[in-house]
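Good morning, colleagues. I should like to walk through one structure, taking its sheets in turn and then a few individual residues. Please have the sequence and the coordinates open as we proceed.

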Amino acid sequence: RVDIPAVQAALGQQGLVRGLDYRGEPVLAAAHPVASSPWFVVAKVDSGELLEDARHHAMFTGAIVSSLILLAGAGAAIAYRRRQTTLYRELYEYERGRRELFATHRSALYSIGDALITTDAAGRVREMNPVAEKLTGWTEAEAHGQPLETVFRIICESTRKPIECPAIAVLRDGRAAELANHTILIDRQGGERPIADSAAPIRNDTGAL
């Protein structure tokens with residue numbers, strides 16, 4: 001029965017040994033000789049009992065590691081949520097400021113006493129105030145996106161020849177332009193009105209027109 005720890009000790013094995021006890025259960029044993037004698041001391045413990053303790057330690061360690069992972073995940077989620085909240089708040093403040101600036105711009109545009117038209121960089125109509133609507137015969141909704149020359153038709157009073165719109169000169173040269181006197185505006189219905197007009201560039205933060 002070389003699988004019995006006592007036999008293994010008698011055969012010369014020392015230290016930790018694995019085997020079976022008298023019940024046939026697996027055990028882990030420590031075998032040591034007794035000095036100045038033919039005797040051996042063998043102490044054994046059931047492997048199942050030992051592994052049960054190890055399983056408890058493993059479960060405890062696993063629970064701690066899982067808790068730490070959950071805490072780390074929760075911390076990361078909270079940090080991410082706070083970052084998103086800050087980002088959304090900054091975007092909200094930026095959008096609110098932009099809307100307030102736009103509202104101020106619109107208020108100034110629509111309350112001014114002169115006719116005023118704005119275009120995009122391609123010369124298409126973007127905005128018209130009520131005075132411009134009255135003079136051109138176009139509503140802002142109808143004129144939006146139309147080429148400026150279609151909405152704002154001007155000719156020379158003396159020669160009756162078309163005159164280049166000053167806004168086109170601004171888009172081409174990048175600086176303010178003003179027409180000479182004796183300019184006639186032809187409205188949508190064909191009516192004529194003598195006007196004085198000028199155009200100026202609007203630039204963004206990067207200087208683009």
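I begin with an open sheet of three strands, arranged in the order 1-2-3 with antiparallel pairing. Its edges are strand 1, residues 15-20, and strand 3, residues 40-46, each of which pairs on one side only. From one strand to the next, the twist averages 30°. Please bear in mind throughout that this is a predicted model.

As a general reminder, the strands of a sheet pair through backbone hydrogen bonds, in either a parallel or an antiparallel manner. Here, strand 1 and strand 2, the latter covering residues 26-33, run antiparallel and are joined by six bridges. Two of the facing positions can be named: Leu20 stands opposite Pro26 in strand 2, and Gly19 stands opposite Val27 in strand 2. The two strands form a hairpin, with five residues between strand 1 and strand 2. Within that turn, Gly24 has a positive phi of about 85°.

Which residues does Gln8 touch, leaving aside those up to four places away in sequence? The contacts are Val2, Asp3, Gln13, Val17, Arg18 and Gly19. Gly19 is thus met a second time, having already appeared opposite Val27. Gln8 itself is found in helix 1, residues 5-10. With a relative accessible area of 7%, Gln8 falls under the 20% limit and is therefore classed as buried.

I turn next to helix 2, which spans residues 47-111 and contains Phe60. Is Phe60 buried or exposed? Its relative accessibility is 57%, so Phe60 counts as exposed, the cut-off being over 50%. Phe60 also belongs to a nonpolar surface patch, together with Ile64, Leu68 and Leu71. The accessible area of these four residues together is about 440 Å².

The second sheet on my list is again open, with three strands in the order 6-8-9 and antiparallel pairing. Strand 6, residues 153-156, and strand 9, residues 192-195, are the edge strands, and each pairs on one side only. Neighbouring strands of this sheet are turned against each other by 35° on average, with direction ignored. How many bridges connect strand 6 and strand 8? There are four, in the antiparallel sense, with strand 8 covering residues 183-186. In this pairing, Cys156 stands opposite Thr183 in strand 8.

Strand 6 is also the place of Ile155. Ile155 has a relative accessible area of 8%, which means that it is buried by the under-20% criterion. Not counting residues up to four places away in sequence, Ile155 touches Arg160, Lys161, Pro162, Ile163, His182, Thr183, Ile184 and Ile186. Among these contacts is Thr183, the residue that stands opposite Cys156.

Finally, I should like to relate two regions of the chain. Ile155 and Gln13 are 142 residues apart along the chain, and their C-alpha atoms are separated by 118 Å. Gln13, as we heard, is one of the residues that Gln8 touches.

Thank you for your attention; I welcome discussion.

Definitions and conventions:
Residues numbered from 1 in each chain as written. Predicted model: local features only at pLDDT ≥ 70, side-chain atom pairs only at ≥ 80, totals over all residues. Heavy atoms only, no water. Patch = residues over 30% accessible without salt bridge, like charges linked within 9 Å, V, L, I, M, F, W, Y side chains within 5 Å. Areas by Shrake-Rupley, 256 points an atom, 1.4 Å probe, with all protein chains shown as cover. Salt bridge = Lys/Arg side-chain N within 4 Å of Asp/Glu carboxyl O. Buried < 20%, exposed > 50% of the residue type's maximum accessible area, 1.4 Å probe, protein only. Pairing = 2+ DSSP bridges. Axes fitted to C-alpha atoms, helices over the stretch in contact; angles between N-to-C directions. Contact = heavy atoms within 4.5 Å.
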